[in-house]
Every structure is written in structure tokens, then in C-alpha cells.
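This report describes the fold of a single chain, with attention to one sheet and to the nonpolar core. The sequence and the structure are shown below.

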Amino acid sequence: MSRRHLPALRPVLALCAAAAVLAGSAAAAPAATPPAASGTAALDDTYYQGAIGKTGPALQTALHGIIRNQTKLSYSGVWEALKVTDQDPANSANVVLLYSGLSRAKSKNGGNVGDWNREHVWAQSHGDFGTSQGPGTDLHHLRPEDVQVNGIRGNKDFDNGGSPVSGAPGNLTDSDSYEPRDAVKGDVARMILYMAVRYEGNDSFADLEPNDRVNNGSSPLMGRLSVLKQWNDEDPPDTFEKRRNELIYSQFQHNRNPFIDHPEWVESIW
Ligand SMILES: [Ca+2]
Ligand SMILES: [Ca+2]
């Protein structure tokens with residue numbers, strides 16, 4: 001270093017010394033502002049404001065009042081929405097199929113062998129809403145699934161046990177129930193319980209409710225509640241499920257699944 005640079009260096013050193021003093025005083029004093037609110041904390045202050053602090057039936061009522069405000073998609077609009085909400089994080093040309101776990105081309109939506117279609121996790125026949133705008137097109141329980149696996153699930157209630165499902169590793173089924181693979185057990189539970197709170201019979205559709213049975217047929221009921229609660233505990237919301245909830249809220253329906261944001265509310269209500 002040449003001598004002529006030294007005078008210019010002195011002010012820099014002085015600034016460094018001043019910064020060190022400031023840093024020391026800042027470390028000694030408590031932080032003036034709280035850390036930035038996390039996503040869920042921010043939602044609790046705004047979206048869930050009327051539900052915070054409530055439990056049991058009062059919580060269910062408050063959540064219903066919040067989540068019933070939504071945009072309703074057409075059934076054809078569901079195709080395009082699922083290509084966004086269920087996009088494979090590793091391949092933007094594909095969607096991830098709920099039960100089989102396979103990644104399949106978005107362009108293969110349809111009704112033929114090898115295609116994926118729109119699985120109603122709360123089976124359409126349980127309450128007989130079909131594909132009507134409302135529960136029949138509600139993205140919070142609609143997922144891409146292989147046409148044939150979707151057919152095997154049919155309108156069965158959810159329960160543990162059965163024989164392996166062809167084309168869907170880790171899934172089991174018997175004559176009256178279906179058990180999804182472990183990675184989506186909680187997703188299924190939270191979708192069913194969203195539907196129970198969203199649909200309370202005060203519009204043109206049935207009051208959907210969980211119960212602890214199988215063979216619910218066309219009743220607006222879905223089982224088994226004790227198993228769904230267990231699945232909610234065993235498989236907490238992951239990045240994919242949370243991202244999906246956020247996209248449905250921000251881009252499509254403008255309502256949320258409260259049980260993805262607050263899985264502990266399942267136990268509070270049921
Ligand atoms: Ca999961
Ligand atoms: Ca209900």
C-alpha cells in the first residue's frame with residue numbers, strides 16, 4: 001500500500017469503529033420491533049380473525065362463515081385449475097396423481113386408459129351433488145387421479161385395510177372402503193373435513209358430515225371419522241399441500257382449507 005492512500009483510509013476506519021459501537025448497543029437493547037409475522041400468524045390476524053380462540057361447535061360455525069365466501073369454478077374450469085394446483089414440483093409439464101403418486105403429463109387429462117381425470121375425494125354420490133358448480137367443482141377436494149385407479153376407489157368410504165390396488169402402490173381397498181398411501185392420508189382427511197365445514201345445508205346442497213361408518217351409500221355422510229382423525233395426526237401438511245391451499249386461495253376460489261393451516265382444529269371440532 002502506498003502512503004498516499006492512508007489519508008483516505010482513516011475515515012473508513014472511523015466509520016467501522018462507529019458501526020461497532022452501534023452494533024454493540026443494539027445487541028444489548030431489546031429489539032424495537034417484533035420479527036415479521038409468519039404466514040399462519042398473519043392469516044390468524046386477518047382471514048381467521050373471527051375463529052381464533054373458539055373451540056368445538058362455535059369454531060365450526062365461525063369457520064363455515066369464513067370459508068363459504070368463495071368463487072365457484074365451472075366443471076371444465078377444474079381441468080385447468082388442477083394443472084396449476086397439482087403441478088409436479090419437479091416437472092412443470094406434469095401433475096402429481098393423488099393416490100398413485102405418479103407424475104403424468106398435464107396434457108393427458110381425459111377419460112381413456114392412461115389418462116388422468118378429476119377425482120372427487122368426497123365422492124359425488126355421498127350427498128348426490130354430482131359435478132354441479134359448488135361441491136362438485138370445489139378444488140379443495142378435487143385431485144388429479146389415474147382414470148382406472150379413480151374407478152377402483154369409486155364412492156367407497158375411507159378406512160384402513162384391504163388388498164393392494166393395481167396401479168397405486170401403498171393403497172389398499174376392500175368391498176366397502178379405501179385406504180390411500182401414507183403420504184396423502186392426512187391430505188384426504190383434511191379434504192373430507194373441509195367439505196364437512198364448508199357445506200352445512202344452507203345452500204342448495206346437502207349438509208355434508210363425517211361419521212364413523214362405511215357403506216354410507218348416497219347419504220351425505222363420509223367415514224370413518226376416527227380413522228380420518230388418526231390420518232390427520234400421522235400425516236401433517238407438507239409443502240405440496242400448503243402450496244396447493246395457497247394457490248386455491250390466491251388464484252381460484254379465494255377461500256382456504258382451515259385444517260391445512262391449523263391441523264389441530266380437527267381435534268377441537270371432532
Ligand atoms: Ca401428506
Ligand atoms: Ca356440514
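The model is predicted. Of the 270 residues in the chain, 39% count as buried. Its secondary structure amounts to ten helices and eleven strands. Among contacts with a separation of 6 or more, 56% are between residues 24 or more positions apart.

**The open sheet**

One sheet is open and consists of four strands, arranged in the order β6-β9-β8-β7 with mixed pairing. Its edge strands are β6 and β7, each of which pairs on one side only. Strand β6 runs parallel to β9, and two bridges join this pair. Within the pairing, Phe 158 has Tyr 178 of β9 as its bridge partner.

The residue ranges of three of these strands are as follows.

| Strand | Residues |
|---|---|
| β6 | 157-158 |
| β7 | 163-165 |
| β9 | 177-179 |

**The nonpolar core**

The largest nonpolar core comprises 49 residues. The residues with the most contacts inside this core are Trp 122, Val 188, Ile 192, Leu 193, Met 195 and Leu 228. Helix α6, spanning residues 185-198, supplies the largest share of the core, with nine residues.

Leu 228 illustrates how distant parts of the sequence meet. When residues up to four places away in sequence are left out, Leu 228 touches Ala 189, Ile 192 and Leu 193, as well as Phe 158 and Pro 210. Phe 158, one of these contacts of Leu 228, is also the residue bridged to Tyr 178 in β9.

Definitions and conventions: Residues numbered from 1 in each chain as written. Chains lettered and ligands numbered in written order. Predicted model: local features only at pLDDT ≥ 70, side-chain atom pairs only at ≥ 80, totals over all residues. Pairing = 2+ DSSP bridges. Buried ≥ 20, exposed ≤ 12 C-beta atoms within 10 Å, placed from the backbone. Contact = placed C-beta atoms within 7 Å. Core = buried A, V, L, I, M, F, W, Y, C linked by C-beta atoms within 7 Å.
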